[in-house]
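Please open the model in your viewer and keep the selection panel at hand. The stops below are meant to be taken in order.

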Amino acid sequence: MKCDYCDKKATVFLTQLAEGQMKKVCLCNRCAEERGVTDPTGFSLADMLLGGVQQDFSKTSEEKQPSGKRGGKKCPQCGFSLDDFQKVRRLGCGNCYAVFAEELGQVLGGMHKGMKHQGKVPVSLMESHYRNEKLGELRTKLGEAIAAESYEDAARLRDEIQVIEKREVSK
């Protein structure tokens, strides 16, 4: 295969699903380096594919940015900046989520229904979780009742624990 830019032999092949279609870019080593493909913070495949193959990539990513955008807020742990996030659309480390919380809120707010992730849990697992939680509470109360020498309460709690455990075994 030939490079999409200079007709040399392509050695770097990029594929992305964009707008419901598979887009491919073939590059030789020289063109891949010029376009920042080897530097994950300086290359955006989506921009290349959506903007067409004839884009001007002769400028470096530093030259393309207005001078006011360089620098800005950076993660103290990994050094990732907001500009890096906007180029790559991913974060450098887990600490970046806290550092860029305000900016991420704006981006994610437009993409998702809510800002809190609440995964799905099978009903049987939730029932088991609640049952184990209830048993733990009852056993704690049982220990406290025994320590306080409140044997009537302890007997009632013991019976309640046995009922829950029997339901668990019968399932």
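The tour goes from the whole chain to single residues and pairs.

**Whole chain.** Start with everything shown as a cartoon; this is a predicted model. The protein chain has eight helices and two strands, and from the N terminus the order is β-β-α-α-α-α-α-α-α-α. Now switch on the surface. About 12,400 Å² is exposed, and carbon and sulfur atoms supply 52% of that area. Of the 171 residues, 26% count as buried. Among contacts with a separation of 6 or more, 32% are between residues 24 or more positions apart.

**Strand 2.** Select residues 21–27, which form strand 2, and pick out Val25 within them. Is Val25 buried or exposed? Its relative accessible area is 2%, so Val25 is buried. Add Thr15 to the selection: Thr15 and Val25 are ten residues apart in sequence, and their C-alpha atoms lie 6.5 Å apart.

**Helix 7.** Next select residues 123–147, the 25 residues of helix 7. Put a distance between the end C-alpha atoms; it comes to 36 Å. This agrees with the expected span, because 1.5 Å a residue should also give 36 Å. Show side chains for Arg131, Leu135, Leu138, Leu142 and Ala145, the buried residues of this helix. Just past the helix, stop at Glu149, where phi is positive, near 60°.

**Salt bridges.** The structure holds four salt bridges; three are visited here. Side chains of opposite charge can pair when their charged atoms come close.

Select Lys73 and Glu103, whose closest N and O atoms are 3.1 Å apart in a salt bridge. The pair links distant parts of the chain, 30 residues apart: Lys73 is in the loop between helix 3 and helix 4, while Glu103 is in helix 6. Lys73 is partly exposed at 37% relative accessibility. Glu103, at 18%, counts as buried, because the cut-off for buried is under 20%.

Move to helix 8, residues 151–170, and select Arg156 and Glu160, which are four residues apart, about one turn of the helix. An α-helix has 3.6 residues a turn, so residues three or four places apart point the same way. The side chains of Arg156 and Glu160 form a salt bridge, at 3.5 Å from N to O. Arg156 is partly exposed at 46%, and Glu160 is partly exposed at 28%.

Last, select Arg158 and Asp159, whose side chains meet in a salt bridge with an N to O distance of 3.0 Å. Arg158 is partly exposed at 41%, and Asp159 is partly exposed at 34%.

How values were computed. Residues are numbered from 1 along each chain as its sequence is written. This is a predicted model: local features need pLDDT of at least 70, side-chain atom pairs count only at pLDDT 80 or more; totals for chains, interfaces and linings use all residues. Side-chain values use heavy atoms; hydrogens and water are left out. Buried means under 20% relative accessible area, exposed over 50%, partly exposed in between (1.4 Å probe, protein chains only). Contact means heavy atoms within 4.5 Å. Accessible areas come from the Shrake-Rupley method with a 1.4 Å probe; for residues, only the protein chains shown count as cover. The expected span of a helix is 1.5 Å times one less than its number of residues.
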